[in-house]
Amino acid sequence: MTPQELASHLARILADIIAERGEGAAEGGDRSGTGAAATGIEVTEADTAVERPKNREHGDWASNAAMKFAKRIGANPRELAQEIASRVAGIDGVAKAEVAGPGFINITLDAASAGETARRIVEQGAAYGTGDSLRGERINLEFVSANPTGPLHMGHTRWAALGDSISRVLRAAGAEVTNEYYINDAGAQMDKFGRSVLAAALGEDTPEDGYPGEYISELGRKVIAEQPDLPDLAAVDRGAALELAQELAYRQQLAEIKDSLERFNVHFDVFFSERTLHAPGDLVGDDSGDRAPSPIEAAIDRLREQGHVFEDHGAIWVRTTDFGDDKDRVFTRGNGIYTYFAADAAYYLSKKDRGFGEKIYLLGADHHGYIGRLTAIAGAAGDDTEKDITVLIGQLVNLDGARLSKRAGNIIELDDLLEWLGSDALRYWLARYPADSPLALDGEKLRSRTNDNPVFYVQYAHARTCAVDRNAAAAGVDRSAFAPELLTHETEAELLGKLQEYPRVVAGAAELREPHRVARYLEELAAAFHRWYDNCRVIPQGDEPVEDLHRTRLWLNDAAGQVIRNGLDLLGVSAPERL
RNA sequence: GCCCCGGUAGCUCAGUGGAUAGAGCACUUCUCUCCUAAAGAAGGUGUCGGAGGUUCGAUUCCUCUCCGGGGCACCA
């Protein structure tokens with residue numbers, strides 16, 4: 001019996017009771033309806049979800065449904081709880097159901113009923129924990145989106161780890177997710193980047209307000225290596241040389257960013273170029289030589305048709321205040337050039353046109369001023385500002401005692417962190433805190449291989465399950481028997497309970513976009529596994545014979561390993577078979 | 001001035017209205033002739049920043065307030 005099944009039973013029982021009481025009231029002459037529907041009170045499984053009590057004396061699972069519904073149906077909470085409990089006790093697989101406190105229903109399962117979970121998990125394998133709570137949703141998840149004018153640094157690292165894990169969790173809940181990276185490859189920053197690289201390639205001083213950093217010099221060398229006649233070109237046509245250098249450096253830098261992300265086990269489905277938003281459309285078909293408007297122009301036209309665009313002082317504005325923004329925003333500057341925000345608007349429409357329902361933006365706290373205007377664009381585009389757009393704001397990362405980058409001055413690069421700490425430790429640490437929680441990287445802790453470092457604690461538990469598996473094979477313990485009623489040790493009940501919680505943890509993490517819940521869960525699961533391991537042997541000692549208990553425990557060991565693997569995968573962390 | 005996010009054990013932090021608020025670290029003491037001791041067991045800590053309110057019940061929701069961080073561009 002899983003907690004989901006238990007919740008389902010509870011919902012049915014509660015609905016029955018409400019219906020019966022409704023009939024009783026009707027006989028009294030107050031009402032004419034029959035059944036739960038007639039009372040207007042609906043019971044869903046969410047209402048009757050059971051939780052794992054902190055105190056083991058409170059049974060395997062507890063429900064507060066009686067307290068939730070007592071008032072609405074005019075019943076005494078404890079009496080209602082008692083009525084529910086007496087019916088729950090009759091369910092096959094339930095050992096007992098008791099009322100406690102103000103109206104909690106504490107339920108204890110038969111060992112066999114709980115133990116059945118182990119086999120189910122093994123049979124479902126990697127699919128255990130996946131669900132369909134977000135089935136049918138097409139989600140666009142944009143994160144990192146760092147300018148392609150330099151290497152990824154620590155500021156991007158948290159969003160890379162978090163975004164990729166959010167994506168995995170959403171997919172586990174059945175959503176169709178596209179991971180997207182917006183490349184700011186148009187505008188002044190790119191010009192500055194190009195001038196800096198060209199200067200470096202030609203051996204000139206860094207231009208005023210150009211980019212500093214050793215990586216610019218490296219890019220300059222790479223550009224020269226690829227295009228040795230660049231200095232000659234620069235001598236005759238500086239503009240052409242600049243364009244060429246900028247383009248080569250951009251491609252090189254973007255390729256390096258992609259490499260870094262892959263090493264970090266972070267995958268993007270789409271790299272979306274801002275330039276494509278500025279580019280004119282195709283030739284129109286009337287031989288005039290005219291072109292269709294660029295996506296930005298088209299976007300402004302569309303918003304104008306919706307009545308949200310106006311002109312003032314020679315600039316084009318969008319009335320975002322209609323949708324709760326602090327102030328209206330401009331699309332064109334005085335010199336006629338489109339603002340960054342105009343591209344943002346066109347980009348949003350692109351996402352909408354590509355069929356995405358919810359668009360999620362993962363931004364740093366320094367961008368929190370963007371919430372209002374992005375939400376307003378969603379509204380202006382005719383979307384539901386509650387459901388179709390989500391802006392997740394995360395706090396920034398501090399690093400204590402970090403080594404500084406050798407290449408880029410004060411910037412700490414993702415590549416340096418990877419080399420120093422390793423992908424697993426880094427990803428796990430960054431994913432185990434809520435996005436809005438301040439987070440500090442402690443290099444010493446992340447390099448340590450003790451309880452200090454939770455990723456090793458979890459990975460060790462997994463490696464242990466693998467070691468048990470190997471040793472069981474050698475000792476002649478196989479899977480030829482499965483007798484769940486033998487799993488009666490209290491650490492086995494605890495471990496089984498934890499394993500049963502996993503699907504709901506994944507669903508909750510997806511619903512709230514909080515993958516840290518998976519990490520915290522894994523730590524609890526690992527602890528339950530370690531305690532079980534210390535108390536219950538899978539392999540007989542000495543000359544003891546192999547019994548069904550050992551074979552059944554092997555199934556439980558397999559199940560624990562499977563769930564740890566599944567969970568770590570959601571975080572993009574490996575599950576080694578040996579440490 | 002306005003907006004956002006924090007404030008929970010000595011430290012770092014969990015805790016989407018429920019029972020005695022938890023974990024790791026730090027400190028003390030135990031447990032490997034037996035599946036990985038990178039583990040387990042035992043030991044104690046809290047005005048959940050403060051004050052009101054909603055509720056059968058508030059660390060959780062609302063209002064005010066104190067402290068800390070961030071943000072309020074015709075920049076990108």
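In the predicted model, helix H12, formed by residues 295–305, lies across strands E7 and E8. The direction of H12 makes about 100 degrees with that of E7. The two strands covered by this helix belong to an open sheet of three strands, arranged in the order E7-E8-E9 with antiparallel pairing. Strand E7 (309–312) and strand E9 (329–330) occupy the edges of this sheet; each has a single partner strand, so one side of each is left without a neighbour in the sheet. Strand E8, which spans residues 315–318, is joined to E9 over two bridges in the antiparallel sense. Trp-317 is placed opposite Val-330 of E9.

A second open sheet consists of five strands in the order E6-E5-E4-E10-E11, and its pairing is parallel. Its edges are formed by strand E6 (270–273) and strand E11 (389–394), each of which has a single partner strand, so one side of each lacks a neighbour in the sheet. On average, and with direction ignored, neighbouring strands of this sheet are turned by 25 degrees against each other. Strand E5 (residues 176–183) is paired with E6 in the parallel sense over four bridges, and Glu-180 stands opposite Val-270 in E6. Helix H14 packs on the sheet, where it touches E10 and E11. The direction of H14 makes about 170 degrees with that of E11. In general terms, the strands of a sheet pair through backbone hydrogen bonds, in either a parallel or an antiparallel manner.

At the level of domains, chain A is divided into domain 1 (3–109), domain 2 (188–262), domain 3 (275–394) and domain 4 (450–570). The centres of domain 2 and domain 3, taken over C-alpha atoms, are separated by 31 Å.

The largest pocket contains about 1100 Å³ of space. Its lining comprises 44 residues, of which Ser-145, Asn-147, Asn-184, Tyr-340 and His-367 are the closest to its centre. At least two lining residues are supplied by each of helix H6 (154–172), helix H7 (188–201), helix H13 (340–353), strand E10 (358–364) and helix H14 (370–380). Among the contributing elements, E10 gives the most, with four residues. Strand E10 and helix H14 therefore take part both in the contact between helix and sheet and in the lining of the largest pocket. By residue class, this lining divides into 23 nonpolar, 15 polar and six charged residues. Domain 2 and domain 3 each provide at least three residues of the lining.

The second largest pocket holds about 590 Å³ of space. It is lined by 22 residues, and those nearest its centre are Gln-4, Glu-45, Pro-503, Arg-504 and Ala-507. Helix H1 (3–27), helix H5 (111–124) and helix H19 (490–512) each contribute at least two residues to this lining. The largest share, five residues, comes from H19. The lining divides into nine nonpolar, nine polar and four charged residues. Because domain 1 and domain 4 both give residues to its lining, the second largest pocket lies between these two domains.

Terms used: Residues numbered from 1 in each chain as written. Chains lettered and ligands numbered in written order. Predicted model: local features only at pLDDT ≥ 70, side-chain atom pairs only at ≥ 80, totals over all residues. Heavy atoms only, no water. 1 Å grid on protein atoms, 1.4 Å probe; cavity = no way out; pocket = protein on both sides within 12 Å on 5 of 7 lines; lining within 4 Å. Points joined across faces, edges and corners; volume = space filled by probe spheres on them. Nonpolar A, V, L, I, M, F, W, Y, C, P; charged D, E, K, R; others polar. Domains from an automatic or database assignment. Pairing = 2+ DSSP bridges. Contact = heavy atoms within 4.5 Å. Axes fitted to C-alpha atoms, helices over the stretch in contact; angles between N-to-C directions.
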